[in-house]
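This report covers burial, ion pairing, ligand surroundings and packing in one structure. The sequence and coordinates come first, and the notes follow.

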Amino acid sequence: MQLDDIVPWGRSFDEYVAMFDLTADDLGKRILGCGDGPAAFNAHARARGARVISVDPIYAWPAGRIHERIRAVRPIIESELRREPERCLWERFRDVDDLIETRLGAMDRFLADYAGGHGGQAYVAAQLPQLPFPGGVFDLALVSHLLFTYSKHLSADAHRKAVAELMRVSGEVRLFPLLTLAGTESEHLPAVIDLC
Ligand SMILES: C[S@@+](CC[C@H](N)C(=O)[O-])C[C@H]1O[C@@H](n2cnc3c(N)ncnc32)[C@H](O)[C@@H]1O
């Protein structure tokens, strides 16, 4: 996939559980979702009693503006997926239509939670590499499809600073995937591994 910008596009709770191998024990921890954008993880997990705070620069926007961005991004994602469908692993979704419908459903769930104000303090407008939290307030930080994914948009130094900040605020950090948008291993991986 090739994208000019880091786009708001959100996954479901089930996808987060699978990506991060989340157990019932993990879901009892104080969780930070960094770069969660319009993902449904926060809304769904909180509805199950989990303590989750999501951070993303788009939370400075009202729900209507986020919705507009999602509508603008959808055809770009869809055409990228249809361009080379054989480069995707079709295990979770039947086809491109199934993937798009599932993701739109997840983003609708986020938008309802966000617009309804149910989240309260659960959605914080901020961005890496500076998070507005004291050290060690989270047990588990999750970052999906931001670091490594956008290796062309974010430098090695930006990756190092971002991961150092995540390690400052959280006892454990899980990043997924380690691949770039092009599906290749990120060139920034060694710089991040050196930090650990
Ligand atoms: C492709 S979306 C992924 C959303 C979600 N994590 C998921 O997997 O469903 C990438 C998100 O990263 C956010 N983002 C971009 N730069 C960021 C930064 N420096 N710190 C935190 N989030 C950022 C974007 O606003 C966008 O919502």
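## Aspartate 113

With a relative accessible area of 8%, aspartate 113 is buried, the cut-off for that class being under 20%. This residue belongs to helix H4. Its side chain makes a polar contact with the side chain of arginine 46, at 3.0 Å. The model is a predicted one, and the values below are computed from it.

## Nonpolar cores

Helix H4, which holds aspartate 113, also contributes the largest share of the largest nonpolar core, 8 residues. That core has 43 residues in total, and Trp9, Leu32, Leu131 and Leu166 have the most contacts inside it. Several elements give two or more residues to the core. The helices among them are H3 (63–83), H4 (96–115), H5 (156–169) and H6 (189–195). The strands are E1 (30–34), E3 (123–124) and E4 (138–144).

Leucine 32 illustrates the packing. When its neighbours within four places in sequence are left aside, leucine 32 is in contact with Ile53, Val55, Leu131, Phe133, Phe138, Leu140, Ala141, Leu142, Leu166 and Val169. Two of these contacts, Leu131 and Leu166, are also listed with leucine 32 as having the most contacts inside the core. A second core of 14 residues is separate and includes Tyr16, Leu27, Ala39 and Phe41.

## Helix H1

Which residues of helix H1 are buried? Helix H1 spans residues 13–20, and its buried residues are Phe13, Glu15, Tyr16, Met19 and Phe20. These residues are on the same side of H1, because they cover an arc of only 160° around the axis. Tyr16, one of the buried residues of H1, is also part of the second core.

The cover over the buried residues of H1 includes helix H2 (41–47), H4, E4 and strand E5 (170–176). After H1 comes aspartate 21, which has a positive phi, near 55°.

## Salt bridges

The whole structure contains 15 salt bridges. Side chains of opposite charge can pair when their charged atoms come close. Aspartate 26 takes part in two of the pairs described here: one with lysine 29, where the closest N and O atoms are 2.9 Å apart, and one with arginine 174, at 3.2 Å from N to O. The pair of aspartate 26 and arginine 174 ties together parts that are 148 residues apart in sequence, because aspartate 26 lies in the loop between H1 and E1 and arginine 174 lies in strand E5.

Arginine 174 also forms a salt bridge with glutamate 172, and here the closest N and O atoms are 2.7 Å apart. Through shared partners, Asp26, Lys29, Glu172 and Arg174 are joined into one network. What is the burial class of each member? Aspartate 26 counts as buried at 5% relative accessibility, and arginine 174 counts as buried at 17%. Lysine 29 counts as partly exposed at 21%, and glutamate 172 is partly exposed with a relative accessible area of 30%. The values for arginine 174 and lysine 29 should be read against the 20% limit for buried residues.

## Ligand surroundings

Around the ligand there are 20 residues, of which Arg11, Gly35, Asp56, Leu128 and Ser144 come nearest. Where polar atoms are concerned, an N or O atom in the side chain of serine 144 is 2.4 Å from an oxygen atom of the ligand. A polar backbone atom of glycine 35 lies 2.8 Å from a nitrogen atom of the ligand.

Tryptophan 9 has a backbone N or O atom 3.4 Å from an oxygen atom of the ligand. This residue is also among those with the most contacts inside the largest nonpolar core.

## Histidine 188

Histidine 188 is found in the loop between E5 and H6. Its relative accessible area is 7%, so histidine 188 is buried.

What does the side chain of histidine 188 reach? The partner is the backbone oxygen of leucine 154, at 3.0 Å. Neighbours within four places in sequence aside, histidine 188 is in contact with Phe148, Ser151, Leu154, Ser155, Ala156 and His159.

Conventions
Residues are numbered from 1 along each chain as its sequence is written. This is a predicted model: local features need pLDDT of at least 70, side-chain atom pairs count only at pLDDT 80 or more; totals for chains, interfaces and linings use all residues. Side-chain values use heavy atoms; hydrogens and water are left out. A nonpolar core is a set of buried Ala, Val, Leu, Ile, Met, Phe, Trp, Tyr and Cys residues joined through side-chain atoms within 4.5 Å. Buried means under 20% relative accessible area, exposed over 50%, partly exposed in between (1.4 Å probe, protein chains only). Helices (H or I, at least four residues) and strands (E, at least two) are DSSP runs, numbered from the N terminus. Contact means heavy atoms within 4.5 Å. The arc is that of the directions from the helix axis to the C-beta atoms. A salt bridge is a side-chain nitrogen of Lys or Arg within 4 Å of a carboxyl oxygen of Asp or Glu. A residue is near a molecule or strand if one of its heavy atoms lies within 4 Å of it. A polar contact is a pair of N or O atoms within 3.5 Å; within protein, one must be able to donate a hydrogen and the other to accept it, and residues adjacent in sequence count only if both atoms are side-chain atoms.
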